Amino acid sequence: MSFRISADAIGSDNARRAAFLEDDYAALKRQVARRGIDLDTIADQVAAFGVALPSWGVGTGGTRFARFAGLGEPRGLDDKLEDCATIQQLTRATPTVSLHFPWDKPSDAAALKAQAADLGLGFDAVNSNTFQDQPGQPVSYKFGSLSHPDKAVRDLAVAHNIDCIRLGQTLGAPALTVWVGDGANFPGQQNFTAAFDRYLDSMAQIYAALPADWSVFIEHKLFEPAFYATVIADWGSSYLAATELGPQAKCLVDLGHHAPNTNIEMIVARLVRFGKLAGFHFNDSKYGDDDLDSGSINPFQLFLIFNELVDAAQRGAPGFAPAYMLDQSHNVTDPIESLMSSAMEVQRRYAQALLIDRAALTDAQTACDALGAHTLLKQAFNTDVSPLLAEVRRRAGGAIDPIAVYRASGYRAEKAKERPPRGGASAGIV
Ligand SMILES: [Mn+2]
C-alpha cells in the first residue's frame, strides 16, 4: 500500500488557517468591490482554470553537465501519476497530465486511462520524442527527424508521431505536441528551404492521421540542440507551418524558447488574432531554455500574457481555447513543491488579469493616456490575490497551504522508502 496524504491531514491544517483566510478573503473582497468587481465571480473563474502537469517534471531534472538524483524519485509511470495526483490533491489546479512518448509509453493505454481516472487525473496533449534514439532503433535522429535528408529517418519519425496520436486517443487526450530538435550547427550544413519542405511533408502525413476532434501543436524553439539554425526556430516558422497544414494545426508557445527580452505577450496576441494559438508550456528563464519555475524570474511577463488571454476570452476571440501546460526542469528543488508553486503562480497571474478594469483600460488607450493605461495593469498586478487562490483551493477540497501540508506529511520520506533507487546513471537534460 503506497503512502498518500490523507484528507484528514489537509482538513486539520486547513482548520488551523481557516479564520485567518476568512478574514483575508473578506478584506480582498471589499477591496475589489470598490473597483466594481465581485470576488466570488473571479473565484469561480479561477476554480475552472487548470494547468497540465508534465510527466517528466516530477523527476529531478538536470543540466548538460550532470543530474543529482532526488530521494524517492518516480521510477516509472505509476510513480509519476501518483506524484501528479498528490499535486492535484493539494492544489486542485492541475487536473491533467501531459505524457511524453516513448518515455511514458504504456503497455495498456486503456488501463492507464482508468488508473489515472482513479487518481482523479485526465490527460492533456501528448508529446512525441524524435530528438533522441531509442534502443534498437534502425536509423538515427542524430541529424534530424521529420526534416532529415534520408526518407527512412523521416518515415520512422512520422510513424512514431502517428503512434503517439493512437495512444493519446485511447487515453482521451485532445492533441499531439510536436517539437523537433532538427537544425544545423554549421552554416552550410543544411539547405534551409529543403529542410523546411521535408518538415512540412512529414507533418502533412501526421496531420492526415489526426482524428477530427484533435489538434496538432507545433512547438518552436530558437536554438538547442542545433546551435546555428533550427527548422522551427520561431513563431513565424511555426505559424507558416500551421497555416500550410490546416485548421487543426496550431502554434504552441513555450516561454523559454525565445531570445531574452522577446515580447512574448505580443506573439500571443498575434497568434490569437489569427486563431492559431495552441497553448503554452509555462516555465521561466533568464538566459535561454532554462526551464525554471513559472514566475520565478519574470512574473510580470506571465501576468502580461494572461492579460492578452483574458482580453481574448472576454471579447470572444474565434477559436480561442488554449491548452495550459507546465514544462519545467527541477534541478535543486523537490519537483512536487516546484510544480505546486508553479501551478499556483500561473493561477495567480490569471486571477490578477481577471481583475483588470477592461473598460477603463480601453478608455485610457483610446484617450492615448499611456500612464493611465499602464497604471490599470499595475493596479491588478500589485493586488495580492493569495487569499483568493487559497479560498478557491479550500472550496475544492484542496489545501489552503499546499506546500506546508506536503512538508508536514513526510510524503517524500515515505516515497524514499517505497521507491529505492534502481541504480545506473540517467540522462542529464530533459
Ligand atoms: Mn516545451
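Helix 6 and helix 7 sit oblique to each other, the label for angles outside three other classes: under 35 degrees is roughly parallel, over 145 roughly antiparallel, and 65 to 115 roughly perpendicular. Their axes are 10 Å apart and make an angle of about 50 degrees. This is a predicted model, in which local features need pLDDT of at least 70 and side-chain atom pairs count only at pLDDT 80 or more, while totals for chains, interfaces and linings use all residues. Residues are numbered from 1 along each chain as its sequence is written.

**The chain as a whole**

- The chain's secondary structure adds up to 15 helices and 11 strands; these are DSSP runs numbered from the N terminus, with helices being H or I over at least four residues and strands E over at least two.
- The radius of gyration is 22 Å, close to the 22 Å from the globule rule for 430 residues, so the chain is as compact as a globular protein of that length. That radius is taken over C-alpha atoms, and the rule is 2.2 Å times the number of residues to the power 0.38.
- If you follow the principal axes, the C-alpha trace spans about 65 × 60 × 40 Å.
- Of the 430 residues in the chain, 45% are buried. Buried means 20 or more other C-beta atoms within 10 Å of the residue's own, exposed means 12 or fewer, and partly exposed falls in between, with C-beta atoms placed from the backbone.
- Among contacts in the chain with a separation of 6 or more, 79% join residues 24 or more positions apart; a contact here means that two C-beta atoms, placed from the backbone, lie within 7 Å.

**Helices that pack together**

- Two packed helices are described by the angle between their axes and the distance between those axes. Axes are lines fitted to C-alpha atoms, for helices over the stretch in contact, and the angles run from 0 to 180 degrees between N-to-C directions.
- Back to the opening pair: helix 6 (residues 192-208) and helix 7 (residues 235-245) have a right-handed crossing. Right-handed means the near helix is turned clockwise from the far one by less than a right angle, and left-handed means anticlockwise.
- On the helix 6 side the contact uses L200, M203, A204 and Y207, and on the helix 7 side A241, E244 and L245. By class, that gives six nonpolar, no polar and one charged; nonpolar covers Ala, Val, Leu, Ile, Met, Phe, Trp, Tyr, Cys and Pro, charged covers Asp, Glu, Lys and Arg, and the others, Gly among them, are polar.
- Helix 10 (residues 335-354) and helix 14 (residues 402-409) cross at roughly 165 degrees, their axes coming within 10 Å. That makes the two helices, 10 and 14, roughly antiparallel.
- The crossing of helix 10 with helix 14 is right-handed. I336, E337, M340 and S341 from helix 10 meet P402, I403 and Y406 from helix 14, a set with five nonpolar, one polar and one charged.
- Helix 2 (residues 39-47) crosses helix 13 (residues 386-395) at roughly 65 degrees, with axes that come within 10 Å, and this crossing is right-handed.
- Helix 2 brings L39, I42, A43, V46 and A47 to the contact, while helix 13 brings L388, L389, E391, V392 and R395. Sorted by class, there are eight nonpolar, no polar and two charged residues.

**Backbone oddities**

- Most residues other than glycine have a negative phi, and most peptide bonds are trans.
- F101 and P102 are joined by a cis peptide bond, with omega about 10 degrees. P102 belongs to the loop between strand 2 (96-98) and helix 4 (109-118).
- R92 isn't a glycine, yet its phi is positive, near 55 degrees. You'll find R92 in the loop between helix 3 (77-91) and strand 2, and it counts as buried with 22 C-beta neighbours inside 10 Å.

**The loop between strand 7 and strand 8**

- E224 lies in this loop, and so does P225, between strand 7 (215-219) and strand 8 (229-230). The peptide bond from E224 to P225 is cis, with omega near 5 degrees.
- E224 also has a positive phi of about 80 degrees, although it is not a glycine. With 15 other C-beta atoms within 10 Å, E224 is partly exposed.
- H220 is in this loop too, and H220 is buried, with 24 other C-beta atoms within 10 Å.
- H220 and A233 are 13 residues apart along the chain, and their C-alpha atoms are separated by 5.3 Å. Setting aside neighbours within four places in sequence, H220 is in contact with I232, A233, D234, W235, S237, S238 and H257.
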